[in-house]
Amino acid sequence: MSETQNDNKDVAVAADDTPTTSTPSQKTPAAKSKSGKAGAVATLALLVSLSALAAAAWLYYQLIYLNQQQSAQFLSDITAQVQGLDQRSQSSATALDRQRERLTELDSALDQQRAVVQRQIQQLSDKVQSLSSVDRNDWLLAEAEYLLRLANQRLQLSGDSRAAAQLLASADTILRELDDPALYPVREALAAELAALQGSSSFDLEGAYLQLQGLADAAESLEVFEAPSYQAEPQPARDASWQEGLKAGFERAWAKLRSYVRIRQHDEKFKAELAPEQATALRASLRMMLEQAQLALLAERPALYRRSLDKALAWLERYYPLNDGSQALAASLEELRAAEIRAERPDISASLRALKDYSKTRRWQREVGQ
């Protein structure tokens, strides 16, 4: 071992003392190991570079692909928004067209209303001008014409000749106040109509109606025939004597015997067909008959009026024969039945026509004079 070390030392000294030139074929093991490490490093660097290049290429591809996808999505979004804007613009244009049509209709309606208002203003101005030329006599003539028209309506609708005569007399008073000789035909017709109304038969329609209403109210208090109620026989006191008991028994026997004896009037028949608890229905039926007579009275239908009163009289005779109030009620109904509900109605329209002719002539004379 020592020898070997010595040999190595000698070789090392010799190497240090005499410089030698190295050739590629004469390399030491240390140099070989260094060159191997450098190659490995270069290979590793090459692999890293290739990996980085591949990663960069992959990233570039992903970036280009994603940009294309995002561009396509963005383009589709833009297209959808543009389409939405087009639809909105179309709907807005349609709404604007409708608004324009509505405004056109409103303009035409306003023009029509303006024309109507102008006509009304013109009519009012004409009326004001006509009223400015009206004097007191015109107002009196208008009042007389109104009274004559009211008298005709009162006579035709209600047949009240007395009220119609009062209205005609009031109109004649107004015409007399005017003191115009041209009104002589009107006053002559009024005098003839007043005489006709005074000579005609008068029927108080309102009074008859109110009388029937009062009779219908009075019928509510009528009572139907009621069957006798049963009462228990009194029992004698226990402490009573035998004489009192005998007397009480004899009275009960006599009352029992009397109950078997009935006295009947064969010339008059009475039959209670309804139970006493149905008295309300009886009174309601009687009231309906009287109300039907009232309606027939207002409609001036004598046949229906008398038929309704006949039914009411038969109802009273059938179900209220034992009631004293029913007799007075029946007497009042008989009196109303005998009345003539349709009075004579003379024609009183001649005075109204004559007054209208006078007013037209007076108006024409005034227009000609202007």
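Helices (H or I, at least four residues) are DSSP runs, numbered from the N terminus. The model is predicted: local features need pLDDT of at least 70, side-chain atom pairs count only at pLDDT 80 or more, and totals for chains, interfaces and linings use all residues. Residues are numbered from 1 along each chain as its sequence is written, and side-chain values use heavy atoms, with hydrogens and water left out.

Helix 4 covers residues 161-178. Just after this helix, D179 takes a positive phi of about 55°. The 18 residues of helix 4 should span 26 Å at 1.5 Å a residue (the expected span is 1.5 Å times one less than the number of residues). The end C-alpha atoms are 26 Å apart, which agrees. Several residues of helix 4 are buried, including S161, L167, D172 and L178. Here buried means under 20% relative accessible area, exposed means over 50%, and partly exposed lies in between (1.4 Å probe, protein chains only).

Helix 3 (residues 136-158) has 23 residues. From first C-alpha to last, helix 3 reaches 33 Å, close to the 33 Å expected at 1.5 Å a residue. Its buried residues include D138, L141, L148 and L155. Just after helix 3, G159 takes a positive phi of about 70°.

A search of the whole structure finds 12 salt bridges. A salt bridge is a side-chain nitrogen of Lys or Arg within 4 Å of a carboxyl oxygen of Asp or Glu. E177 forms one with R136, the closest N and O atoms being 2.8 Å apart. E177 lies in helix 4 and R136 in helix 3, so the pair ties together parts that are 41 residues apart in sequence. E177 is partly exposed at 47% relative accessibility, whereas R136 is exposed at 52%.

Within helix 3, E145 forms a salt bridge with R149, with closest N and O atoms 2.9 Å apart. The two are four residues apart, which means a separation of about one helical turn. E145 is buried, with a relative accessible area of 18%. R149 is partly exposed at 31%.

E193, in helix 5 (residues 184-199), is buried yet has no salt bridge. The nearest side chain of opposite charge is R353, 6.8 Å away (Lys and Arg count as positive and Asp and Glu as negative; His and the chain ends are not counted). Leaving out residues up to four places away in sequence, E193 touches L168, D347, I348, S349, A350 and S351. Contact means heavy atoms within 4.5 Å.
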